[in-house]
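User: Please take one part of this model and go through it closely, beginning with a single residue pairing and working outwards to the whole chain. I would like each term explained with its cut-offs as it comes up.

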Amino acid sequence: MSLRHLLTVTALAALTLATASVQAQTTAQTTPQNGGRLRALIAQKQAAATEAALPTGVQRIADVPYGTDPAQRMDVYVPTSSTGAGAGTGTNSLVASAVRAPVIFMVHGGGWRHGDKAMGRVVQEKVNRWVPKGFILISINYRMLPDAPVAVQERDVQAALMAAQQRAGTWGGDPNRFILMGHSAGAHLVSLLNARAPQALREGAWPWLGTVSLDSAVMNVPAYMRAPHMPLYDDAFGSEPAYWVALSPFHQWTAGAPPMQMVCSTERADQPCTQADAMARHVRNQGGRAEVLPQDLTHGEINAQLGLESDYTQAVEVFMGSLDAEVARRLRCGAAICY
């Protein structure tokens, strides 16, 4: 195994925290005691993580509630001085725009146990790139382990989506132009919600355009859990096969689900691209649309570097633009009028 692959294995144990101290702990994660130390280290690193710095012309509306629990909050990033009505006024110009803004709905990772909506690697480059182009970006928190099992976390994500769609017009957004996005554990949650989209629509959600899943290794939860895996997945999915199936995007995929793009790291020893490829074949065989975007990036880099000028960001934008003409126009022109 190469040094880079070894570093990837250790980074995966913390999922989004690729620091040297966490990596050192993950190599010895073989007992509950070690697992407890790992979780404590993750919590310390999460607490020390810096929030995103906002670019000029972007406003953050912080901690909008979608439920009664303190964890059920979302941050909304909107343009304040884009081209068009309201430019230079310091107010949200999209509210006055004739064409409502597409919305990127972001769900952070952290092993279903840690993480925060405001962390820089979750939103920094995504806000920098897309909000000035006339998009709204919404980043959510949700209840997590050990207080909320993964099934409850998915319900939180759906509740946040429905609340965001209901309020989108007040921020200048279009409730019919949402793109779901998530990283790591968040990628699993949005993939599961996307797979069950017809059920969500019956429960009151608006249709969304599609989903971008950033490096989830658990598209097929039963297959993953039957293979050697790290203890954090036992915390998330337990030992009951029926529960694995209920939380498996592969098994829950339903005809009519929106298109999805699965970004996967080729650097991870557990080979998330294998699961992504199998999921894509499964969806296509049932008449759906799914594509895989392998990247020679680490698990954390896939999250932190999306939005930087790169072939990777452009490939994600090609998928996003294929979902809707207005999305494609804004990716090409920003909020300005162009043809």
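Analyst: C264 stands opposite P294 in β8, in a model that is predicted, so that local features need pLDDT of at least 70 and side-chain atom pairs count only at pLDDT 80 or more, while totals for chains, interfaces and linings use all residues. Residues are numbered from 1 along each chain as its sequence is written, and side-chain values use heavy atoms, with hydrogens and water left out.

Strand β8 covers residues 290–295 and is joined to β7 by six bridges, the two strands running parallel; DSSP must find at least two bridges between two strands for them to count as paired. Between β7 and β8 the chain passes through helix α12 (residues 272–285), forming a right-handed β-α-β crossover. Right-handed means that, with the strands pointing away from the viewer, the path from the first strand over the helix to the second runs clockwise. Helices (H or I, at least four residues) and strands (E, at least two) are DSSP runs numbered from the N terminus.

Strand β6 (residues 210–214) also runs parallel to β7 and is joined to it by four bridges, and there V212 has Q261 as its bridge partner in β7.

Why is β7 largely enclosed by the rest of the structure? Six of the six residues of this strand, residues 260–265, are buried, so the surrounding structure largely encloses it; buried means under 20% relative accessible area, with a 1.4 Å probe and protein chains only. In a regular strand, side chains alternate between the two faces of the sheet. In β7, M260, M262 and C264 point one way, whereas Q261, V263 and S265 point the other way, and all are buried.

Turning to the wider interior, the largest nonpolar core has 48 residues, and F105, W112, I138, Y233 and F237 have the most contacts inside it. Such a core is a set of buried Ala, Val, Leu, Ile, Met, Phe, Trp, Tyr and Cys residues joined through side-chain atoms within 4.5 Å. Helix α5 (residues 150–167) contributes the most to this core, with seven residues. Another core, of 30 residues, lies apart from it and includes V212 and L293.

Across the protein there are 15 helices and eight strands, and 57% of the 339 residues are buried.

Key. Buried means under 20% relative accessible area, exposed over 50%, partly exposed in between (1.4 Å probe, protein chains only).
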